[in-house]
Each structure stands twice: as structure tokens, then as C-alpha cells.
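The questions below ask how certain labels come to be used for parts of one protein model. Each answer sets a value beside the rule behind the label and then concludes.

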Amino acid sequence: MNYCILYNPFANNGQGKETAEYLPVILPYEKIQLEDITLVKDYKEFFTGIPLDTIIIVCGGDGTLNRFINATKKIRIKHSVFYYPCGSGNDFARDIGQSDSLIPINDYIPYLPVAIVNGQQYSVLNGVGFGVDGYCCEVSDKMRQKKLKKPINYTSIAIKGLLFHYKPTNAVVTVDGKEYYYKKVWIAPTMNGRYYGGGMMPSPKQNRNNTQNKISVMVFHGCGKLKTLSIFPSLFKGEHVKKKKNVEILFGHTVTVKFDQARTVQIDGEVIANVTEYTVKSAFMTSQEKRQKRIG
């Protein structure tokens with residue numbers, strides 16, 4: 001069996017290449033080709049040079065998989081593609097319960113929600129974060145750029161942000177055409193799966209395989225720094241939903257979140273700064289729109 005391993009050298013706190021080099025030890029193989037995913041510029045050309053009987057393995061974290069999915073979304077992939085989770089979060093693998101194995105992803109790629117941010121479209125694997133979560137990803141990116149040796153601790157970044165650096169905004173959340181108004185919004189993620197941010201569970205009942213293809217938006221709002229800080233750890237167990245005065249979860253096919261001040265958005269860990277609003281359309285909605293275009 002032949003394999004092509006696409007690895008991200010920046011994954012797993014800079015240990016991505018070492019992890020990829022370990023994979024041949026556990027794979028039955030005849031030939032293995034290692035490729036740095038950050039250096040692949042043209043995937044159509046890349047796939048043309050890979051024999052069809054070669055298995056592609058994407059090796060990295062959620063951000064690596066997000067990068068691959070978005071870079072190949074206009075290409076019909078004929079190869080078998082697997083994902084080996086070795087990032088700092090691995091929320092996709094956690095969500096589907098396969099955190100220690102090679103995961104076949106050909107069936108997941110075509111059926112993802114689409115986020116629209118500043119006129120650009122992005123496929124969404126796990127979720128879109130807006131608020132403190134976006135701030136945390138922005139800070140962690142800056143830390144990676146400084147090539148710090150110590151592991152990045154998202155919880156520590158979030159706590160410092162809540163206490164000293166991040167200020168909440170007011171927001172209008174629109175779900176399937178119905179508007180909801182909130183004050184002092186700390187986070188407002190829209191989710192395709194249950195997890196993001198390395199194990200946080202903003203929408204515990206979200207199911208990426210639900211028959212109606214619904215997505216969900218969780219709004220954490222209306223409280224000061226200390227109360228927010230006291231509730232925040234419960235996100236990792238999904239127990240924040242008990243705080244109904246400050247937490248609301250809405251389900252639908254199209255979600256728009258609009259802040260009254262620009263903040264950072266993160267899509268599966270990939271950062272977009274200075275954003276005032278985003279829209280996410282479920283796989284159901286995007287498939288309906290494609291069908292209408294074909295008919296029209």
C-alpha cells in the first residue's frame with residue numbers, strides 16, 4: 001500500500017513533522033511520500049501527480065484539516081483521504097469518537113456548513129467562534145509566530161482575556177429570519193459539531209449528523225467579568241447550559257451574528273481579524289441553493 005502524508009509542521013506545538021515521520025512505523029506500506037501541506041500551492045496539480053491507488057493522509061490538527069478542506073473544496077477528490085489527528089485540540093476527532101485512529105473523511109468533506117465572512121466563503125468543520133474564543137485564537141497565533149517553546153494554554157489565555165483584555169459587545173443574532181437581541185455578549189459561536197477550542201462544548205446537543213442538517217448558535221451574554229469567569233469552566237462539560245439567564249442556544253439552518261464592534265472570528269482555529277458579522281449556512285441550505293442555481 002502506498003501513502004502520501006500531508007503534514008503541518010506547525011501542528012501540535014511545532015511537532016507536526018515529527019509526528020508525520022512516526023506514521024510509517026504503524027502503517028503497512030510499500031512507499032510513503034511526505035509533503036509539507038503549507039507548501040502545496042495548487043491541489044489540482046498536486047493530485048494529478050499522485051497515483052489513484054495512493055492513500056492521502058492529512059496529518060495535523062483541526063486547523064490543518066480546515067486548511068485542506070477549504071483549499072480543495074472546488075476539486076473532485078478521487079483519492080481515498082484519511083485524517084490523523086495530532087493537533088493541540090483535535091475537536092473533530094473528539095466529536096466523532098475516533099481520536100486515536102486514522103479517520104476516513106471523503107464522506108465528511110462534501111456535507112459541511114459554509115461560513116460567510118467579509119464576502120468570502122469558508123467550509124466549517126467544527127464551528128465558528130466570535131468573541132473571547134476568537135480573541136484566544138488570535139493571541140495563540142501571535143504566540144506561535146514568536147516560536148515560543150512552551151505549549152499554548154487556551155484556558156489561560158481565555159482567563160486573562162476575560163479579566164483584563166477583552167470587552168463584551170452587544171449583538172443581534174438572526175436564526176432563519178428571526179432576530180434576537182443581546183447585551184454584553186462574551187461569545188457567540190455557531191456550531192456544526194459539539195466541540196471547539198480544545199474540548200469546549202458550547203452546544204452539547206449539536207449533532208453534525210442530524211437528519212435536518214441544523215446548526216446551532218450559543219450566546220453567552222449579560223454578565224460581568226467575575227460571573228463570566230465563574231461560568232466559563234463549565235463550557236468544557238457542557239454544564240453552562242444550566243445558566244439559562246446568561247446562556248441561550250438556538251437551532252436553525254441559517255445563522256447570522258452581528259456585533260456592534262469589530263472583533264476576531266475563528267473558523268476551526270483559523271483567524272480573521274476586524275469582523276463585525278458572520279453568517280453560517282447549514283449543509284442543507286447550501287445544497288438547496290446549489291439545486292436552485294442548477295434549475296435556474
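**Labels and the values behind them**

Thr 276 has its place in strand E15 (residues 270-281), where helices (H or I, at least four residues) and strands (E, at least two) are DSSP runs numbered from the N terminus. The model is a predicted one, in which local features need pLDDT of at least 70 and side-chain atom pairs count only at pLDDT 80 or more, while totals for chains, interfaces and linings use all residues. Residues are numbered from 1 along each chain as its sequence is written, and side-chain values use heavy atoms, with hydrogens and water left out.

Q: Why is Thr 276 called partly exposed?
A: Buried means under 20% relative accessible area and exposed means over 50%, with partly exposed in between (1.4 Å probe, protein chains only). Thr 276 has 37% relative accessibility, and therefore it counts as partly exposed.

Q: How far apart are Thr 276 and Asn 207 in sequence and in space?
A: They are 69 residues apart in sequence, and their C-alpha atoms are 27 Å apart in space.

Q: What makes the contact between Asp 91 and Arg 94 a salt bridge?
A: A salt bridge is a side-chain nitrogen of Lys or Arg within 4 Å of a carboxyl oxygen of Asp or Glu. For the side chains of Asp 91 and Arg 94 the N to O distance is 2.6 Å, so the pair meets that definition. In general, side chains of opposite charge can pair when their charged atoms come close.

Q: Why are Asp 91 and Arg 94 about one helical turn apart?
A: Both belong to helix H5 (residues 91-96), and because they are 3 residues apart there, about one helical turn separates them.

Q: Which of the labels buried and partly exposed belongs to Asp 91, and which to Arg 94?
A: Asp 91 has a relative accessible area of 3%, and so it is buried. Arg 94 has 32% relative accessibility, and therefore it counts as partly exposed.

Q: How many salt bridges does a search of the whole structure find, and what is the distance between Asp 95 and Arg 194 in theirs?
A: The search finds 3 salt bridges. In the one between Asp 95 and Arg 194, the closest N and O atoms are 2.8 Å apart. Because Asp 95 lies in helix H5 and Arg 194 in the loop between strand E11 (190-191) and strand E12 (215-221), this pair ties together parts that are 99 residues apart in sequence.

Q: What joins Asp 95, Arg 194 and Arg 208 into one network?
A: Asp 95 also forms a salt bridge with Arg 208, with the closest N and O atoms 2.7 Å apart. Since Arg 208 lies in the loop between E11 and E12, that pair ties helix H5 to a part 113 residues away in sequence. Salt bridges that share partners thus join the three residues into one network. Within this network, Asp 95 and Arg 208 are both buried, whereas Arg 194 is partly exposed at 25% relative accessibility.

Q: How do you know that E1 pairs with strand E3 (residues 54-60)?
A: Two strands pair if DSSP finds at least two bridges between them. 6 bridges join E1 to E3, and the two run parallel, so the condition for pairing is met. Within E3, Ile 57 is the bridge partner of Ile 5.

Q: Why is one side of E2 and one side of strand E5 (103-104) left without a neighbour in the sheet?
A: The open sheet has 5 strands in the order E2-E1-E3-E4-E5, with mixed pairing. E2 and E5 stand at its edges, and because each has a single partner strand, one side of each has no neighbour in the sheet.

Q: What makes strand E1 (residues 2-7) and helix H4 (residues 62-71) mostly covered?
A: In E1, 5 of its 6 residues are buried, and in H4, 8 of its 10 residues are buried. Among the buried residues of H4 are Leu 65, Phe 68 and Ile 69.
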